[in-house]
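Me: I want to test the labels on this model. Take each term, set its value against the cut-off, and conclude.

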Amino acid sequence: MPARPRGRIGRPPPVEEPPVERIYAGRILRRGRITPAEIGVDGDGIIRRVAKDLKGAPRQDFGEGILLPSGVDLHVHFRDPSPPGAVEDLSTGTVQAALGGIAAVVDMPNTDPPITTLARLEEKIARIPARAFVDVLPYAAVTTRERIPLLAPRAAGFKLYLSPTTGDIPPPAGEEVPGLLTEIAGTGLPLHVHAEDPSSFAQGKAPREPREWDLARPPESEESALRGILKGPDHLRLHVAHVTTTKAAQMVREWGGSFEATPHHLLLSTSRIRNAMGKVNPPLRTEERRRELWEEFRAGKIPVLASDHAPHPLGEKETRFDLAPAGVPGVETMLPLLLERVRAGEIELGTLWRAASRRPGLFLGLPWGRIAPGYEANLLVVDFRQRRRISARSLHAPCGWTPYEGWEGIFPVEHHLRGERIVEDGEFVGRRRGRVRRPFEPESPRRPPAAAQGPRDR
Ligand code: NCD
Ligand code: ZN
Ligand code: ZN
C-alpha cells in the first residue's frame, strides 16, 4: 500500500505494516523466468515484501537455489484415526509431506472409523495440533443429506465416494445424489468426488494384475460417474479426484470444475507395473492412455496435481492381486518425481508450480502458492543439480514400499513453513506447528475464485 503524505490535516496516519523479521535471498520464478529476488517475511510467517534487494533484518542466502512456493496436496489418506498397528498417522504422514515439499494437505475421511459424524470429525480435528507438522484440512465423508449441515460448520470440505474403495463408506444410491449435491453446494464448501460408477464395472473372474484391474474398472465407469455428478448445481465447488483419461478431463473442464491427476496415473501404466503394488482405484491405465494424460498435464490442461497418498502395509500388497488393497503411497515422492521431469526438460517448472501449488491454493481460497505480499511464507529451496535415487529405505513411509523404487527424484534441500525451517539439507527438522485449516468461505455460496481452471492464471 503506498504511504500517504504525512502531516496533512484530516489525513489518517499511514497504516503500519508488520516489520520484516527475516529475509530470504535466492532466485524465484517470475513470469516464466528464474530471477534473483529477496523475500521479506514478518514474525507471523507472512510474506511482506518481494524486491531485488532488502535490508534491515537477518538474511538467509540460498545463492543459486531456487525458491518455490510449497506444494498443496488436495488428496492424501493419513489413516488417522485407525486401529493400532496401522502404518500411517498424522505425524508420519505430515513428516513425509514436509520432506516432499508439501506444506498443506487435504486429509480424506475414509479412516477407521470413517469421518461420517460430527463427533468423529471433532475428534479428528482435536488430533491435528498434537500431531501435524504441516497444515491439515480435515474432510468429512458424504453419507446422508441430513448430516451435511451438521458437518459443514467444522469440516474443511466433503468427500463423496461413488464406488466402494478402501474403507467402509457405502456409496449413496443413484437417486440420492442430486439432493446431496444441492445440499453440499449450499454449504459453499468444496466437494471432492471419487468418480467411478460400479454399475459399469465388469463382472467376471478375479483380476490378477493391473491390466485386468483396468478392464474390471474401465474408463467408462469414470465417465458414467461424471455424467451424474456434472448434473449438479452450477455453484457446486467441485473438484474431481484422480482423473485417469483425457475424456474425463475434458468433461470436467467443460463443466467448469476443478480436477486432479495423480503422479501414478501420469507416470505408471499397466505395462510398467505388473503386481499389486500397481493396484489402485481408479486403476492404472494402458501406456497409451498414460501418455495422453501426461501430454495434457505437460500442456497445462490438468489444473491440479495431487498424490492420493494411500499407504497400505507391504504385507497386504504382497498377497494375491485380487485380495490386495488398492492404493499407493506418494506424498513424499510426488514433487521430487515431477521436479526431475522438469530437470529432464519434459515439463516447464511454471506448469508444475501451477498444478502443485498455485491452483490448489486458489481452489481452497487460501494465501498459498505464490511468492507475493500477503501469502504465507511456505517455501522450498530446490537445487536441480541434486538428484537422488528413490528407494523405500531412504523414504519415510512406515508402509515400507514405493512403486518408484530406483526412479530419480529432486527433493527439496530446504522447506520452510510460515517462515520456519522444517527441512534442512534434505533432513526433517520440523516442529508440530501444523494447523487445522478450512478453505475460504464466501458469504454466499459460489464457485471459488476462477476455480483453478485455465492454464493461464498466475
Ligand atoms: C485409497 C485408499 O486406500 O484410501 N485407495 C486408492 O486406491 N486410491 C482410496 C481412494 O482414493 O479411492
Ligand atoms: Zn479415490
Ligand atoms: Zn484417495
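Me: In which sense do β4 and strand β13 pair, and over how many bridges?

Reply: They pair in the antiparallel sense, over 4 bridges. Two strands count as paired if DSSP finds at least two bridges between them; 4 bridges meet that. Strands are DSSP runs of E, at least two residues, and helices are runs of H or I, at least four, all numbered from the N terminus. In β13, Val382 is the bridge partner of Ile66.

This is a predicted model, in which local features need pLDDT of at least 70, side-chain atom pairs count only at pLDDT 80 or more, and totals for chains, interfaces and linings use all residues. Residues are numbered from 1 along each chain as its sequence is written, chains are lettered from A and ligands numbered from 1 in the order in which they are written, and side-chain values use heavy atoms, with hydrogens and water left out.

Me: How do strand β1 and strand β4 run, parallel or antiparallel?

Reply: β1 (residues 20-30) and β4 (residues 59-69) run parallel, joined by 5 bridges. Arg27 has Ile66 as its bridge partner in β4. Ile66 is bridged to Val382 of β13 as well.

Me: What is the order of the sheet that holds β4 and β13, and what is its pairing?

Reply: The order is β3-β2-β1-β4-β13-β16-β17-β18, an open sheet of 8 strands with mixed pairing. Strands of a sheet pair through backbone hydrogen bonds, either parallel or antiparallel.

Me: Why do β3 and β18 stand at the edges?

Reply: Each has a single partner strand, so one side of each is left without a neighbour in the sheet. For β18 (427-428), the pairing with β17 (residues 420-424) is antiparallel over 2 bridges. That satisfies the rule of at least two. Val423 stands opposite Phe428 there.

Me: What is the pairing in the β5-β6-β7-β8-β9-β10-β11-β12 sheet?

Reply: Parallel, in an open sheet of 8 strands. Its edge strands are β5 (71-76) and β12 (304-305), each with a single partner. β11 (residues 258-261) meets β12 over 2 bridges in the parallel sense, and Ala261 is the bridge partner of Leu305.

Me: Why is Asp107 called buried or exposed?

Reply: Buried: its relative accessibility is 0%. The label needs under 20% relative accessible area, with exposed over 50% and partly exposed in between (1.4 Å probe, protein chains only). Asp107 sits in strand β6 (residues 102-107). Among the residues it touches (heavy atoms within 4.5 Å) are Val76, His77, Leu90 and Tyr139.

Me: What makes the link between Asp107 and Lys124 a polar contact?

Reply: Their side chains are joined at 2.5 Å. A polar contact is a pair of N or O atoms within 3.5 Å; within protein, one must be able to donate a hydrogen and the other to accept it, and residues adjacent in sequence count only if both atoms are side-chain atoms. So 2.5 Å is inside the limit.

Me: Why is the arrangement around the zinc ion (ligand 3) irregular?

Reply: The angles among its 4 donor atoms are 87 to 137°. Four donors count as tetrahedral if all angles lie between 85 and 135 degrees; four count as square planar and six as octahedral if opposite donors are over 155 degrees apart and all others between 65 and 115; anything else is irregular. Here 137° misses both options for four donors, so the arrangement is irregular. The protein donors are His75 (NE2), His77 (NE2) and Asp308 (OD), at 2.0 to 2.1 Å. Donors are N, O and S atoms within 2.8 Å of the metal (3.2 Å for Na, K and Ca); water is not among the atoms, so sites may look incomplete. His75 and His77 are buried.

Me: What are the angles at the zinc ion (ligand 2)?

Reply: They span 54 to 139° among 4 donor atoms, and this site is irregular too. His194 (ND1) and His242 (NE2) coordinate that ion at 2.0 to 2.1 Å. His194 lies in strand β9 and His242 in the loop between β10 and α7, 48 residues apart. His194 counts as buried at 2%, as does His242 at 3%. The two zinc ions, ligand 2 and ligand 3, are 3.6 Å apart.

Me: How many residues does the largest nonpolar core have?

Reply: It has 92, and Phe158, Leu191 and Ile229 are among those with the most contacts inside it. A nonpolar core is a set of buried Ala, Val, Leu, Ile, Met, Phe, Trp, Tyr and Cys residues joined through side-chain atoms within 4.5 Å. Helix α11 (residues 334-343) gives the most, with 6 residues.

Methods: Lists of a residue's contacts leave out its neighbours within four places in sequence.
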